[in-house]
Amino acid sequence: MENISLGQIAAMITFVSAFIGGITGLIAFSKSFISKILKPINQKIDDLQDISSKGRNNIELELIKMILVNFINDIEQGIDKSQIQKQNAFELYDRYQLLGGNSYIHDRWQKLKKEGKI
């Protein structure tokens with residue numbers, strides 16, 4: 001311990017500083033490199049999620065449409081529905097409109113509402 005000079009201490013501090021700086025630079029470079037590699041992959045994943053979401057919404061829209069058509073046909077044929085069935089149909093109709101459905105079902109629904117059947 002007694003033989004350690006001030007120059008050796010300065011050299012050791014310089015070495016440790018350079019080592020830490022080198023590691024910090026390597027980590028920053030690695031993050032940047034990995035980010036550049038993963039960016040196109042992340043974009044493709046996002047695109048697939050968008051496609052999947054649109055597909056699910058289309059399937060949901062078609063299923064709700066089928067349920068509403070059956071409900072409307074039953075009402076038009078005089079088949080009585082319980083209050084909970086009517087409430088469920090209203091919820092489905094709201095979801096149907098939210099998903100963008102607004103076709104012949106809308107016209108028939110409004111007609112039945114005006115007639116007081118639903």
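Contact here means that heavy atoms lie within 4.5 Å of each other. The structure is a predicted model, in which local features need pLDDT of at least 70 and side-chain atom pairs count only at pLDDT 80 or more, while totals for chains, interfaces and linings use all residues. Residues are numbered from 1 along each chain as its sequence is written, and side-chain values use heavy atoms, with hydrogens and water left out.

A good place to begin is K81, which sits in the loop between α1 (6-76) and α2 (83-98); helices are DSSP runs of H or I with at least four residues, numbered from the N terminus. With a relative accessibility of 15%, K81 counts as buried, because buried means under 20% relative accessible area, whereas exposed means over 50% and partly exposed lies in between, with a 1.4 Å probe and protein chains only. Setting aside neighbours within four places in sequence, K81 is in contact with F71, D74, I75 and K86. With one of these, D74, the side chain of K81 makes a side-chain polar contact at 2.7 Å, a polar contact being a pair of N or O atoms within 3.5 Å, where within protein one must be able to donate a hydrogen and the other to accept it, and residues adjacent in sequence count only if both atoms are side-chain atoms.

From the loop we can pass to K86, which is found in helix α2 and is buried, with a relative accessible area of 18%. Apart from neighbours within four places in sequence, K86 is in contact with F71, K81 and K117. The last of these pairs, K86 and K117, is separated by 31 residues in sequence, and their C-alpha atoms are 9.8 Å apart in space.

Next comes helix α3 (residues 104-114), where I105, W109 and L112 are buried. They lie on the same side of α3, because they cover an arc of only 65° around the axis, the arc being that of the directions from the helix axis to the C-beta atoms. An α-helix has 3.6 residues a turn, so residues three or four places apart point the same way. The buried residues of α3 pack against α1 and α2, whereas D107 and K114, on the other side of α3, are exposed. Just after α3, G116 takes a positive phi of about 75°.

Finally, we return to helix α1, where L26 has its place. L26 is exposed, with a relative accessible area of 54%.

Conventions: Helix = DSSP H or I, 4+ residues; strand = E, 2+ residues; numbered from the N terminus.
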